[in-house]
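Hi,

Here is the structure I said I would pass on. Have a look at it first, and my notes follow underneath.

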Amino acid sequence: GFKEVVRLTKTYGVILQELKLKAYVKTSGATGMHICIPLNPIYTFAEVRDFLAKISRPVLEICSEIATMERIIKKRGDKILLDVLQNGAGKTLPPPYSLRATPTATVSTPLHWEELDDDTQSPDRFNIMNIFERIEKIGDITGQFQNLKQPLPSL
């Protein structure tokens, strides 16, 4: 369920905080969450994927009952995929504030990390009917990351 997705996201957040990496989280607009880490644009996709795989190991250990990196659906069962391979040339993600083709017209929405403590989180919480009010109320979370170019920490 989505509560488990939020738990996994928060676990990554703790690791990123320990590494002193600034990041924001956003709903996918469907059933997942994305963690966006602004990096100095000098790294290859392979370097970033290796870093993500390394920080995913403790997430897998902590949340082994709900998480996997197994890509084959039949083999992973009901576990949630930690998809580090989505980071690569030609791979796509819905950008922040993009409308998704869902029955409730959900929107991929950036969140403050603190919002992950809200038990009312659900994949369809933000949609075309309420996203403009949210942006007007709290602004664009992604704006503070526009010019941030962080180095990848050595692990």
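Let me start with F132, which counts as exposed because its relative accessibility is 61%, where the cut-off for exposed is over 50%. Before you read too much into any of this, remember that the model is predicted. F132 sits in helix α4, residues 131–138. On the surface, F132 joins L99, I128 and M129 in a nonpolar patch. Together the four of them have about 480 Å² of accessible area.

Next, the pocket. The largest pocket holds about 1300 Å³ of space. Its lining is made up of 47 residues, and those closest to the centre are H34, I35, D83, N87 and L93. If you prefer to think in elements, two or more lining residues come from each of α1 (2–18), β1 (24–27), β2 (33–36), α2 (45–62) and β4 (80–81).

Now the charged pairs. Opposite charges on side chains can pair when the charged atoms come close. How many salt bridges does a search of the whole structure find? There are three, and here they are in turn.

- E65 and R7: the side chains meet at 2.6 Å, N to O. This pair links distant parts of the chain, with E65 in the loop between α2 and β3 (67–68) and R7 in helix α1, 58 residues apart. E65 counts as partly exposed at 47% relative accessibility, and R7 is partly exposed too, at 34%.
- R71 and D83: here the N to O distance is 2.5 Å. R71 is in the loop between β3 and α3 (73–76), while D83 is in the loop between β4 and β5 (110–111), and twelve residues separate them. R71 has a relative accessible area of 38%, so it is partly exposed, and D83 is partly exposed at 28%. You have met D83 already, as one of the residues closest to the centre of the largest pocket.
- R134 and E115: this salt bridge is 2.8 Å, N to O. R134 belongs to helix α4 and E115 to the loop between β5 and α4, 19 residues apart. Are these two buried or exposed? Both R134 and E115 are buried.

On to the cysteines. The structure has zero disulfides. C36 is in none, as the nearest cysteine sulfur, in C63, is 20 Å away. Why is C63 unpaired? Its closest cysteine sulfur is the one in C36, and 20 Å is too far for a bond, given that a disulfide needs the two sulfur atoms within 2.5 Å. C63 is also buried, with a relative accessible area of 0%.

Last, a couple of backbone oddities you may want to look at on screen. Most residues other than glycine have a negative phi. Y97 is not a glycine, yet its phi is positive, at about 70°. A105 is likewise not a glycine and has a positive phi of about 50°. Where do they sit? Y97 is in the loop between β4 and β5, and A105 is found in the loop between β4 and β5 as well. Y97 is partly exposed, with a relative accessible area of 25%.

That's everything from my side. Shout if you want to go through any of it together.

Cheers

Definitions and conventions
Residues numbered from 1 in each chain as written. Predicted model: local features only at pLDDT ≥ 70, side-chain atom pairs only at ≥ 80, totals over all residues. Heavy atoms only, no water. Patch = residues over 30% accessible without salt bridge, like charges linked within 9 Å, V, L, I, M, F, W, Y side chains within 5 Å. Areas by Shrake-Rupley, 256 points an atom, 1.4 Å probe, with all protein chains shown as cover. Salt bridge = Lys/Arg side-chain N within 4 Å of Asp/Glu carboxyl O. Helix = DSSP H or I, 4+ residues; strand = E, 2+ residues; numbered from the N terminus. Buried < 20%, exposed > 50% of the residue type's maximum accessible area, 1.4 Å probe, protein only. 1 Å grid on protein atoms, 1.4 Å probe; cavity = no way out; pocket = protein on both sides within 12 Å on 5 of 7 lines; lining within 4 Å. Points joined across faces, edges and corners; volume = space filled by probe spheres on them.
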